Amino acid sequence: MSVKTYIQTHRDRFIEEWFTLLRIPSVSSQREHSADMRTCAGRLKALLAASGADRAEIMPTAGNPIVYAERIISPEARTVLVYGHYDVMPPEPFELWESDPFEPEIRDGFVRARGADDDKGQSMIQVKGFETALREDLLRCNVKFIFEGEEEIGSPSLEAFCVNHRELLEADVILVSDTSMVNAETPSLTTGLRGLSYCEVELTGPGRDLHSGHFGGAVANPVNVLCRLLADITDADGRIAIPHFYDDVEELSPCEKEMLAQVPFDEKKYMQSIGVRALFGEKGYSTLERNSCRPSFDICGIWGGYTGEGAKTVLPSKAFAKISCRLVPHQDSEKITQMLMAHLNRVAPEYVSIKVTHHHGGQAYVCPIDIPAYRAAEEAFTVAFGKRPLAVRRGGSIPIIPTFEKILGIKSILMGFGLERNAIHSPNESFGLDMFFRGIEAVAEFYRVFH
């Protein structure tokens with residue numbers, strides 16, 4: 001039986017097993033779902049065992065449990081460590097969903113549910129790709145799995161787990177399916193991720209909310225001040241104005257620019273897909289460079305004062321904002337965080353006080369394209385998709401990837417199968433059935449080549 005035939009024969013079972021995960025509301029950021037996290041971990045353990053792992057267990061952490069599994073072919077064989085996560089983002093706002101976010105439905109060839117792509121769909125691709133390779137006698141390497149339940153909240157327990165279980169997690173390479181491709185017609189492997197610094201700012205003016213008629217014009221309004229401070233961080237050319245912010249930013253090499261030029265990109269369609277009439281970014285760089293290879297500064301949320309129905313003439317006591325900096329290779333997340341904090345404290349006027357809290361962050365990551373595991377992934381994608389994949393950098397961040405390299409000394413291959421249209425983190429998240437099965441084929445073919 002061939003890989004394609006095995007997948008086709010077990011197609012319905014693969015879908016139903018996937019659905020059993022999607023039906024569990026494993027929302028890591030909401031305490032009321034703590035029991036669901038444990039239920040989901042248990043279900044994933046069972047699926048790994050049924051798919052051929054000769055060891056599968058749930059391991060405790062300071063937070064949600066980690067699911068570990070392995071299939072050891074030979075102590076002398078190479079070892080692949082597969083990483084994924086079983087937690088999902090909150091489904092709210094519910095009213096924007098066309099169906100129950102935790103009752104998966106197939107419509108127009110797409111599975112629609114929270115986690116359909118991120119990351120239960122892509123994790124199941126890895127599990128079923130492993131099963132297919134094992135049943136078709138293609139597996140010549142050892143395989144280990146580590147699935148966590150806290151990726152969507154910054155993986156706070158995973159680093160300590162890796163430190164405490166270095167020997168258990170020893171491997172030659174890590175496979176990760178939690179990224180995306182250029183589009184359905186253009187297979188691609190992600191070779192770079194941006195880093196992240198995420199902070200919250202609290203600005204305080206008067207000791208209490210004041211009447212805007214009695215005090216307006218005589219007392220600084222914290223919302224006004226915060227808006228001005230944050231607006232001044234980027235200039236008219238889209239460049240971040242924090243001193244020394246760009247000191248460690250490296251320009252793309254001619255080879256990297258050539259690879260980027262191969263990525264099919266229609267700027268008009270890009271604008272239409274996100275509902276904007278024009279684009280804006282750092283002067284002197286293309287859109288694809290801006291959203292993947294250059295750093296950025298964004299206000300993710302800003303609030304203060306009265307925002308309820310009707311009028312309330314108040315001069316607020318406090319103003320708040322959440323901000324993120326996406327970083328590129330060689331920019332250190334902790335260094336940038338300290339730089340941002342120092343800048344805001346320096347420019348804040350004396351009539352307000354400012355507090356900056358760092359929430360989480362991570363380093364950027366670059367994958368070498370000349371190692372055996374990358375070449376195996378390249379060949380596997382070529383078989384599954386009928387085209388050689390492009391090597392592309394993406395703008396998102398997976399902070400645990402550089403952490404794996406730091407602690408375990410292992411490079412990661414980012415074999416992602418998501419698409420922009422899948423709407424991860426948004427209402428009506430989806431994942432195409434065709435991509436699901438092509439992904440399984442690609443993973444099975446990876447194991448045919450890598451040994």
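Axes here are lines fitted to C-alpha atoms, for helices over the stretch in contact, and the angle between them is taken between N-to-C directions. I note at the outset that the model I am reading is predicted.

Entry one, helix 4 and helix 14. I looked up how helix 4 (residues 120–135) lies against helix 14 (residues 433–449), and found that their axes come within 8 Å and cross at roughly 45 degrees. The two helices are therefore oblique to each other, and their crossing is right-handed. On the helix 4 side I listed the contacting residues, among them M124, I125, F130 and A133, which face a set in helix 14 including M435, F436, I440, V443 and Y447. Sorted by class, this contact has 10 nonpolar, 5 polar and 1 charged residues.

Entry two, helix 14 by itself. I checked its length: at 1.5 Å a residue its 17 residues should span 24 Å, and the end C-alpha atoms are 25 Å apart, which agrees. I then looked at burial and found 13 of the 17 residues of helix 14 buried, so this helix is largely enclosed by the rest of the structure.

Entry three, helix 3 and helix 4. For helix 3 (residues 34–51) I found that its axis and that of helix 4 come within 9 Å and cross at roughly 20 degrees; since angles under 35 degrees count as roughly parallel, I recorded helix 3 and helix 4 as roughly parallel to each other. C40, L47, L48, A50 and S51 of helix 3 make the contact with helix 4 residues that include K120, M124, V127 and R135. By class, I noted 8 nonpolar, 1 polar and 4 charged residues in this contact.

Note on methods
Residues are numbered from 1 along each chain as its sequence is written. This is a predicted model: local features need pLDDT of at least 70, side-chain atom pairs count only at pLDDT 80 or more; totals for chains, interfaces and linings use all residues. Side-chain values use heavy atoms; hydrogens and water are left out. Axes are lines fitted to C-alpha atoms, for helices over the stretch in contact, and angles run from 0 to 180 degrees between N-to-C directions. Angles under 35 degrees count as roughly parallel, over 145 as roughly antiparallel, 65 to 115 as roughly perpendicular and the rest as oblique. A crossing is left-handed if the near helix is turned anticlockwise from the far one by less than a right angle, and right-handed if clockwise. Contact means heavy atoms within 4.5 Å. Ala, Val, Leu, Ile, Met, Phe, Trp, Tyr, Cys and Pro count as nonpolar, Asp, Glu, Lys and Arg as charged, and the others, Gly among them, as polar. The expected span of a helix is 1.5 Å times one less than its number of residues. Buried means under 20% relative accessible area, exposed over 50%, partly exposed in between (1.4 Å probe, protein chains only).
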